Amino acid sequence: MAATGTVGGTRAAPAWRGGFGRLWTAAVVSRFGDSLRTAALPLLAASLTDDPLLIASVTACGFLPWLLFGLLGGAVADRVDQRRAMWAVDLVRAGLVAAFAAAVALGHATIALLLVLAFALTTLQTLFDNAATALLPALVPHETLAGANARLMTGQQLAGGLLAGPAVPVLLLAGPAVPYAADAVTYLLAALLIASLRTGAPERPPRPAGSTLRAEMAEGLAVLRADRALRWLCTATTLCNIGMGALIATLVVHVTDGRPTGTAGNTAYAATITAYALGAVAGGFLARRIAERTGRIRAVFLAGAVQTGCLVLMGTVPVLAVSIGAMAVFGFMGTVWNVQQTTLMQERAPEGMLGRIAAAFRTLAVAGAPLGALLGGAAAAGLGPHTPALLAAALFALAVASLTPLIN
């Protein structure tokens, strides 16, 4: 039986006991390590090449497996014990990142190796993320899902941005391989925590005789398409992810104004992602309250509109302090969007189909990110380092417009 907490007289937040606390800790520890790696990779790429398109390709390669294996990961997540799948994936990822850390330490890092690592880790992530989304409702009651998602995202942003972001320059001073070695350790710790959960085998309705993974993947897409709210939300998220791909892939170029990275460039980049994390943490604390006042869909609409304004500001006022402030507000509204999006999926998915629906949503939504990363790299190379922010703003504006059929 999942445990609940009482907030303001209602069961709005999950209790830490009953497995949620360990899942939260595993997610936070793993995000800390992931953030060390993802912050260090663009800096490593920038030290290996000054071509913005090649730097952006590292980010694009990190999204590509969702297009190839995302639906498969969701179908598998609905078939297997999600807890076992998650800790097994974390063990494999720990080994991959540890091997990469050794390669960096020995001076064997290349752009090609960065591309391979990004592709392999995201391939494993397609199973892990869908299993994690499907596992949460087994640990907390239905009415506390929004609070649970907010706590998870807040903790992840706290560890990933506020702690990991400022730590990256310090760790890099200790050696270029240190952030990746730390990431491998966090994967091991997260695997141990998830393995300690006692959730038992998930209850699912029996599959029809002769059911195949291909048919089950198609079923997840069909259910997503039939749900009006999830369909339009998926459309909006896809457009936003094209913009996010362009922004994230070139953020290090944006904050350094196209100049080669050094100590000052590393510090500026760390300050920017730390500001984003600060905003994201604040958004996690207020996401549920905002949705209670506006409704989930209106909260998403508001978040996207404010994020559009932040991107316009970044693209038109190329001042580091402005970019830092805009990224803080951007992160705040990003968490508001993500909490409502995930909770809506968990609330509306039929029993035994959450993994497939989450996979279909993520696969379609992430589909544009590699394209966005490449477009952002091309825009930065051809039109200047601040152009990708304006490209992202236009795509976010289209996303907000696509949500209007859901606003009553």
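Select H386 to begin: in this predicted model, H386 sits in the loop between α13 and α14, the latter helix covering 387–402. H386 counts as buried, because its relative accessibility is 15% and the limit for burial is under 20%. Now add H254 to the selection and display both side chains. A polar contact of 3.1 Å joins the side chain of H386 to that of H254.

**The pair α12 and α13**

From the loop, step back to helix α13, residues 368–383, and select helix α12, residues 354–366, with it. How is such a pair described? Two packed helices are characterised by the angle between their axes together with the distance between the axes. Here the axes of α12 and α13 come within 5 Å and cross at roughly 20 degrees. Angles under 35 degrees count as roughly parallel, and α12 and α13 are therefore roughly parallel to each other.

Which residues make the contact between α12 and α13? On the α12 side, colour L364, A365 and V366; on the α13 side, colour G368, A369 and P370. Sorted by class, the contact of α12 with α13 comprises 5 nonpolar residues, 1 polar residue and no charged residues.

**D34 in helix α1**

Move next to helix α1, residues 20–48, and select D34 within it. Is D34 buried or exposed? D34 has a relative accessibility of 16% and so counts as buried. Show the side chain of R37 as well: a polar contact of 3.0 Å links the side chains of D34 and R37. Then extend the selection to D183 and Y187, which are the contacts of D34 once its neighbours within four places in sequence are set aside.

**Two residues of helix α5**

Continue to helix α5, residues 145–174, and pick P169. P169 is partly exposed, because its relative accessibility is 21%. Place a distance label between the C-alpha atoms of P169 and A39: the two residues are 130 apart along the chain, yet these atoms are separated by 9.5 Å.

Remain in helix α5 and select L172. L172 has a relative accessible area of 24% and therefore also falls in the partly exposed class. A second label, from L172 to A40, spans 8.1 Å from C-alpha to C-alpha, with the two positions 132 residues apart in sequence numbering.

**L127 in helix α4**

Helix α4, residues 111–139, holds the next stop, L127. Where does the chain pass beside L127? With neighbours within four places in sequence left aside, L127 is in contact with G73, V76, A77, A85 and V89. Add G74 for a distance label: L127 and G74 are 53 residues apart in sequence, and their C-alpha atoms lie 6.4 Å apart.

**Two cysteines**

Select C234 and then C240. C234 is buried, since its relative accessible area is 5%. C240 likewise counts as buried, at 5% relative accessibility. How many disulfides does the chain contain? With a disulfide taken as a pair of cysteine sulfur atoms within 2.5 Å, the count is 0.

**The whole chain**

Finally, clear the selection and display the full chain as a cartoon. The chain has 14 helices and 2 strands. Of its 408 residues, 55% count as buried. Among contacts in the chain with a separation of 6 or more, 87% are between residues 24 or more positions apart. The pairs labelled on this tour included L172 with A40, 132 residues apart in sequence.

Terms used: Residues are numbered from 1 along each chain as its sequence is written. This is a predicted model: local features need pLDDT of at least 70, side-chain atom pairs count only at pLDDT 80 or more; totals for chains, interfaces and linings use all residues. Side-chain values use heavy atoms; hydrogens and water are left out. Axes are lines fitted to C-alpha atoms, for helices over the stretch in contact, and angles run from 0 to 180 degrees between N-to-C directions. Helices (H or I, at least four residues) and strands (E, at least two) are DSSP runs, numbered from the N terminus. Angles under 35 degrees count as roughly parallel, over 145 as roughly antiparallel, 65 to 115 as roughly perpendicular and the rest as oblique. Contact means heavy atoms within 4.5 Å. Ala, Val, Leu, Ile, Met, Phe, Trp, Tyr, Cys and Pro count as nonpolar, Asp, Glu, Lys and Arg as charged, and the others, Gly among them, as polar. Buried means under 20% relative accessible area, exposed over 50%, partly exposed in between (1.4 Å probe, protein chains only). A polar contact is a pair of N or O atoms within 3.5 Å; within protein, one must be able to donate a hydrogen and the other to accept it, and residues adjacent in sequence count only if both atoms are side-chain atoms.
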